[in-house]
Amino acid sequence: MERIKNYINGEWVTPETKEYGDIYCPATGEKIGEVPFSTASDVDKAVKAAKEAYWDWRCTPPLTRARYFFRLKEMFEKAFEDIARILVTEEGKTLDESRGEVRRMIENVEHATGVTTLMTGYNLEDIAHGIDCTAERQPIGVFGVIAPFNFPAMVPWWFLPYAVVCGNTYIVKPSEQVPLTQTRIFEIIDECGFPEGVINMVHGSREAVNAMLYHPDIAGISFVGQSSTARYVYKACGETGKRVQSLGGAKNFILVMPDAEIDKAIPSLITSFYGCAGERCLSGSVLVPVGDVYDELKEKFVAAAKALKVGNGLEEGVQMGPLVSKKHMEKVLSYIEKGIEEGAELILDGRNIVVDGYPNGFFIGPTIFDKVTPDMTIAKEEIFGPVVSIVRVKNLDEGLKLIENSEYGNAACLYTTNGKTAREFKYRAVASMMGINLGIAAPMSFFPFGGAKGSFFGDIKGQGREAFQFFTDTKVVIQRWT
Amino acid sequence: MTLSTFGAIIGFAAEIIDETKRICDGLVEKAKNPLLKEALQNLIKEEEKNYALMEKTRRENVTEMILEPITGFEREDYAIRLDGLNQENDEGLMDILLLLIDREKRFFQDASKKVSLPEVAGIFKKLGRKKEEALQKCKGMEV
């Protein structure tokens with residue numbers, strides 16, 4: 001059984017810890033490896049290496065730094081299929097979803113290579129008589145990411161390439177549930193030849209996370225995960241004076257207007273609610289038929305959900321894979337029980353799905369509750385599984401109220417053929433990522449990613465131009481030579 | 001089996017391209033007519049490029065945001081049977097060649113309508129057009 005290692009200072013290192021966790025294949029339920037739960041001392045070694053590497057890297061010209069990423073992109077392209085398959089094996093999503101994720105990872109590398117334009121500052125002569133002023137972006141030091149299980153390839157790369165191309169050094173802490181994907185990615189980083197200590201990886205769980213949060217030599221943290229932890233990370237970084245962008249959970253409402261093109265919307269809605277088995281912060285969670293669209297929408301949506309092919313994501317043609325772990329599957333099942341208890345009508349039950357050849361996989365089939373009311377637990381809490389709640393509303397205002405009352409504000413989507421309605425929706429809805437006639441409002445690498453309310457703690461979001469802001473300090477230089 | 005995802009369609013395209021190449025590899029030395037031999041050789045070269053194109057398309061055009069389920073596209077509709085066809089004379093080889101090119105033409109043309117991404121639909125459309133041209137050229141060939 002493979003025991004994976006940390007990557008520190010350009011070398012694969014066996015951590016000091018004696019504690020290891022199990023890694024599972026969600027489709028088969030089999031153990032496929034062991035991950036170290038690194039200690040604070042292991043984290044400290046990575047921070048020391050990153051700190052040691054910082055000054056030389058910071059003084060390396062940005063274009064030279066970018067060249068490492070040009071090379072890395074080409075290496076990622078060559079290893080594309082390999083990374084995608086490892087990802088499916090440990091996370092469970094389908095091959096297409098995995099390929100899409102790896103693509104998005106690479107897109108962040110591509111965007112980051114624009115550093116020579118995107119990192120520039122600005123200046124103004126004669127801010128006072130004979131005095132000139134420049135605002136220059138400078139790297140800051142050691143940054144790190146604490147990543148979630150649901151996008152093991154992509155999420156660390158919402159941050160890493162920008163931090164490093166700006167001249168910072170970096171530490172990745174992958175999710176202990178899915179550490180194999182980043183391990184493969186770090187083999188490529190190793191081959192790419194970055195200077196020692198510039199990019200490091202420490203595996204682990206709670207102790208490693210706390211060690212990163214409270215380490216005095218880490219300047220900033222990016223976190224993605226559930227909201228309770230996001231809040232904790234935000235507070236800890238506040239206490240220790242770190243920069244922080246902490247992305248939390250979601251409860252996304254998808255409104256369908258009576259004028260929507262239902263047949264066109266259905267495939268997109270299905271992707272929204274059941275893509276990645278609902279384990280993504282942009283997934284639709286509550287389907288909101290507005291007015292008299294309810295009957296037609298419900299009938300067609302249920303039929304399409306029933307037709308989804310559930311199975312091992314490695315098999316081409318499978319449209320929905322298993323959940324990441326037995327524990328998570330049980331959590332999602334408990335939400336289904338809760339929905340029944342609270343009086344929602346279970347109109348599609350995915351609890352006892354049988355997937356041929358995979359009796360021990362962590363599968364839940366597409367599940368739909370009708371007659372859900374806004375006060376029910378399944379309408380309020382993040383389920384992170386293939387469970388849809390249908391909440392009917394009379395009009396757009398009522399739908400917007402649902403979004404406003406949610407503690408989350410990650411994404412919201414609307415299906416309509418009316419431009420005025422669309423504008424009204426995007427103008428008023430309290431969520432940060434909006435989809436009009438699409439169900440996954442996922443910003444690409446050159447736009448910022450992050451939510452509002454309980455879905456985001458911090459000021460500067462991931463990706464986009466904002467990434468260059470988060471990973472640099474703006475130094476203002478005022479000069480008089482006259 | 002239904003080709004129900006983007007990856008399944010691209011995967012099947014790569015599969016039939018590879019199959020065409022392998023079959024032609026086995027036939028090229030049997031062809032006596034120089035024009036037929038050349039047609040087989042050209043197809044082998046073209047299929048090498050097409051296979052690489054499919055791999056590139058799968059890698060670069062997969063868009064996580066719009067991976068929508070695909071319906072009504074069956075791989076069985078593109079199954080071909082070569083047993084019973086004579087591989088020992090040029091007429092028989094030409095029949096096989098036409099069958100292979102026609103299968104690809106039909107598949108690429110149908111796939112261009114099933115895939116919602118315009119870039120990918122465009123690639124299939126172009127491949128379908130090229131196969132149609134190849135088909136007409138082969139049909140006009142005297143062996």
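This report covers the cavities, aromatic contacts and salt bridges of a predicted model.

The model is predicted, so local features need pLDDT of at least 70 and side-chain atom pairs count only at pLDDT 80 or more, while totals for chains, interfaces and linings use all residues. Residues are numbered from 1 along each chain as its sequence is written, chains are lettered from A and ligands numbered from 1 in written order, and side-chain values use heavy atoms, leaving out hydrogens and water.

**Cavities**

A cavity is a set of points, on a 1 Å grid over the protein atoms alone, where a 1.4 Å probe fits but cannot get out. Grid points are joined across faces, edges and corners, and a volume is the space filled by probe spheres set on the points. The structure has four cavities of 30 Å³ or more. The largest holds about 100 Å³ of space. Its lining consists of 14 residues, and a lining residue has an atom within 4 Å of a point. Nearest the centre of the largest cavity lie G278(A), S283(A), G284(A), S285(A) and F384(A). Which kinds of residue make up the lining of the largest cavity? Five are nonpolar, six polar and three charged. Here Ala, Val, Leu, Ile, Met, Phe, Trp, Tyr, Cys and Pro count as nonpolar, Asp, Glu, Lys and Arg as charged, and the others, Gly among them, as polar.

**Aromatic contacts**

Rings of Phe, Tyr and Trp (its six-membered ring) pair if their centres lie within 6.5 Å; planes under 30 degrees apart are stacked, over 60 edge-to-face and the rest tilted. Over all chains there are 28 aromatic pairs. In one of them, the ring centres of F273(A) and F301(A) are 5.5 Å apart and the planes stand at 75°, so this pair is edge-to-face. The pair links distant parts of the chain, 28 residues apart: F273(A) is in helix 10 (residues 262-274) and F301(A) in helix 11 (residues 294-306) of chain A. Helices are DSSP runs (H or I, at least four residues), numbered from the N terminus. F273(A) is buried at 1% relative accessibility, and F301(A) is buried at 0%. Buried means under 20% relative accessible area, exposed over 50%, and partly exposed in between (1.4 Å probe, protein chains only).

In chain B, one aromatic cluster is formed by F12(B), F73(B), Y78(B), F107(B), F108(B) and F124(B).

A charge can also sit over a ring (NZ of Lys or CZ of Arg within 6 Å of the ring centre and within 35 degrees of the ring normal). R392(A) lies over the face of Y294(A), 3.7 Å from the ring centre.

**Salt bridges**

A salt bridge is a side-chain nitrogen of Lys or Arg within 4 Å of a carboxyl oxygen of Asp or Glu. The whole structure has 47 salt bridges over all chains. Here are some of them.

| Pair | Closest N to O |
|---|---|
| E424(A) and R428(A) | 2.7 Å |
| E47(B) and K131(B) | 3.3 Å |
| E88(B) and K30(B) | 4.0 Å |

E424(A) and R428(A) both lie in helix 15 (residues 419-428) of chain A, four residues apart, about one turn of the helix. E424(A) is partly exposed at 33%, and R428(A) is partly exposed at 38%.

E47(B) is in helix 2 and K131(B) in helix 4 (residues 118-139) of chain B, so the pair ties together parts 84 residues apart in sequence. Are E47(B) and K131(B) buried or exposed? Both are buried.

E88(B) is exposed at 57%, whereas K30(B) is partly exposed at 29%.

A network of salt bridges links K73(A), E77(A), R103(A), E110(A), K56(B), R59(B) and E60(B).

Note on methods
1 Å grid on protein atoms, 1.4 Å probe; cavity = no way out; pocket = protein on both sides within 12 Å on 5 of 7 lines; lining within 4 Å. Helix = DSSP H or I, 4+ residues; strand = E, 2+ residues; numbered from the N terminus.
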